[in-house]
Amino acid sequence: MIKLVAFDWNGTLLSDSLTATNADNKVLTEFGLKPITLQKFRECFDMPIQKYWVSLGFDEKFFLANSKTIHWNFNKYYEPMADKCRTRAGARELLKYLKQEKIGAVIYSNHIIPAIEKQLKRLKLNNYFEQILARPSEHDFSHMHNRSKEQKLVDYIKKHKLKPEEVLSVGDTEEEIEIGKQHGFYTAAITGGYNTAARLKKHKPDFLIHTLRSLVTTVKNINYL
Ligand SMILES: [Mg+2]
């Protein structure tokens, strides 16, 4: 019985893969590095984000010394472009279904709470989530060198006394499948986000989906069959 759906934000609920690639390319060219394609972005994107930038050509020592500047510059380019991003197809339909069935929904993200809140309000999705589990502000740089959203979700689940098999983790990267597998949650991986389908398949998610809409049936099957 699914009682909580834990959604990743970037690339999962927000359709921003190309936007993130474009913002990354502005940073890369600013530092004299070669811009990447969307395919390369999907092949390389990883958390912590340091791993990703180094794979794109940053010298590790240079990155460590300049990580804050790189972070600020990315935000400067990314945030105005994110204001134009739409939700992934079927997001609203799925969220409406969960609300109607009184199934909880949270966002667990490596992004920043105020930035997510801003987009949720713009997209009129702010009433669908119990909580946003993410970095409290742009002054929190933890995502550069560590993975941190896993613990935030685990704490939330503990606080709400949920069993692992009552949780469905939905994400567009290897990270959310790894977290789900680690803790015994159901896992749904969505293609067309920040990772290639091949990378997602490697981790054998319970459900490999192409649109969020298909999770309505998935949740119905788990809860009522
Ligand atoms: Mg994502």
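**Notes on the domain contact and Val-5**

1. Starting with how the two halves meet: 18 residues of domain 1 are in contact with 15 residues of domain 2. Keep in mind that this is a predicted model.

2. Which elements supply two or more residues to the side of domain 1 that touches domain 2? They are helix H6, running over 113-122, and helix H7, at 142-145. H7 gives the largest share of that side, with three residues.

3. As for chemistry, the side of domain 1 that touches domain 2 is made up of eleven polar residues, four nonpolar ones and three charged ones.

4. In case you want the bounds while looking at the model, domain 1 takes in 4-15 plus 86-224, and domain 2 covers 17-82. Going by C-alpha atoms, the centres of domain 1 and domain 2 are 23 Å apart.

5. Now for Val-5, which sits in strand S1, residues 4-7. Is Val-5 buried or exposed? Val-5 counts as buried because 22 other C-beta atoms lie within 10 Å, and the cut-off for buried is 20 or more.

6. What does Val-5 touch, once neighbours within four places in sequence are left aside? Its contacts are Leu-98, Ile-103, Ala-105, Leu-168 and Val-170.

7. One last distance, if you are picking residues to display together: Val-5 and His-145 are separated by 140 residues in sequence, and their C-alpha atoms are 27 Å apart in space.

Notes:
Residues numbered from 1 in each chain as written. Predicted model: local features only at pLDDT ≥ 70, side-chain atom pairs only at ≥ 80, totals over all residues. Domains from an automatic or database assignment. Contact = placed C-beta atoms within 7 Å. Helix = DSSP H or I, 4+ residues; strand = E, 2+ residues; numbered from the N terminus. Nonpolar A, V, L, I, M, F, W, Y, C, P; charged D, E, K, R; others polar. Buried ≥ 20, exposed ≤ 12 C-beta atoms within 10 Å, placed from the backbone.
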